[in-house]
Amino acid sequence: MPGRDRASGAGGSVGSGEGFAGGSRPVYTPGSVQPRLNRPVHERYPQIRATSGYGDPRTRHTGPGPGAGTEQEPERSSKLTARLTLAITVVIGQLWGLTVVVNEWMRGNTGTAWWGAGFLCLSFLVVLGLWALDPKDR
């Protein structure tokens, strides 16, 4: 067969036009037959700028605005930090309790496992109560 690479026995050679998924493939040439596709990128896509933002004329100042990095409400920040610390502690405790409950259940101590499951539910209800304590700060 003309245009086939006989040494390998399969497929066509690059640019041969044959042997690609059973059909013919056009020979690769740089550029396109359609002149509209041969225009420079900035003419084909005028919305794409040459730079990725640092050359954008709309950008005047970079970085955070004035006052960034300073705490405006330290009381609120300390309250949120305390809540976060408490929540993380409770979650770790619940995971530990769940591990203990599962271990007891697997050992066959179902009575202890049920008491542990009750403790986990009570702990979850305590967290919900703490969450409902101050609804205006959400």
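**Entry 1: the end of α2.** I began at glycine 108, which follows helix α2 and has a positive phi, near 95 degrees. I keep in mind that this is a predicted model, so I read the angle as a computed value of that model.

**Entry 2: confidence.** I looked up the pLDDT next and found that the protein chain averages 74, with 62% of the residues scoring at least 70. Over residues 3–19 the pLDDT stays under 50, and for this stretch the model has 20 contacts beyond four places in sequence. I leave those contacts out of the entries below.

**Entry 3: the fold in outline.** I counted 3 helices and 0 strands in the protein chain, and reading along the sequence I noted the pattern α-α-α. Of the 138 residues, 9% count as buried. When I took the contacts between residues at least 6 apart in sequence, I found that 24% of them join residues at least 24 apart. For the accessible surface of the protein chain I noted about 11800 Å², of which 64% belongs to carbon and sulfur atoms.

**Entry 4: helix α2 and its buried residues.** I went back to α2, which covers residues 74–107, and checked its length: its 34 residues reach 49 Å from the first C-alpha to the last, close to the 50 Å expected at 1.5 Å a residue. Which residues of α2 are buried? I found Val90, Gln94, Gly97, Val101 and Glu104, and I noted that the buried residues of α2 pack against α3.

**Entry 5: serine 123, seen from α3.** I then crossed to helix α3, residues 110–133, where serine 123 has its place. Is serine 123 buried or exposed? Its relative accessible area is 15%, and because the cut-off for buried is under 20%, I enter serine 123 as buried. Leaving aside residues up to four places away in sequence, I found that serine 123 touches Val90 and Gln94, both of which are on my list of buried residues in α2.

**Entry 6: the nonpolar patch.** On the surface I looked up a nonpolar patch of about 780 Å², made by Val91, Leu95, Leu98, Val102, Trp105, Met106 and Trp114. Which helix gives the most to the nonpolar patch? I found that helix α2 does, with 6 residues. Valine 102, one of the residues that make the patch, has its place in α2. At 43% relative accessibility I enter valine 102 as partly exposed, because that value lies between the 20% limit for buried and the 50% limit for exposed. Within α2, then, I have valine 102 as partly exposed, whereas Val101 is buried.

Key: Residues are numbered from 1 along each chain as its sequence is written. This is a predicted model: local features need pLDDT of at least 70, side-chain atom pairs count only at pLDDT 80 or more; totals for chains, interfaces and linings use all residues. Side-chain values use heavy atoms; hydrogens and water are left out. pLDDT is the predictor's confidence in each residue, from 0 to 100. Contact means heavy atoms within 4.5 Å. Helices (H or I, at least four residues) and strands (E, at least two) are DSSP runs, numbered from the N terminus. Buried means under 20% relative accessible area, exposed over 50%, partly exposed in between (1.4 Å probe, protein chains only). Patches are made of residues with over 30% relative accessible area and no salt bridge: like charges are joined within 9 Å, nonpolar side chains (Val, Leu, Ile, Met, Phe, Trp, Tyr) within 5 Å. Accessible areas come from the Shrake-Rupley method with a 1.4 Å probe; for residues, only the protein chains shown count as cover. A salt bridge is a side-chain nitrogen of Lys or Arg within 4 Å of a carboxyl oxygen of Asp or Glu. The expected span of a helix is 1.5 Å times one less than its number of residues.
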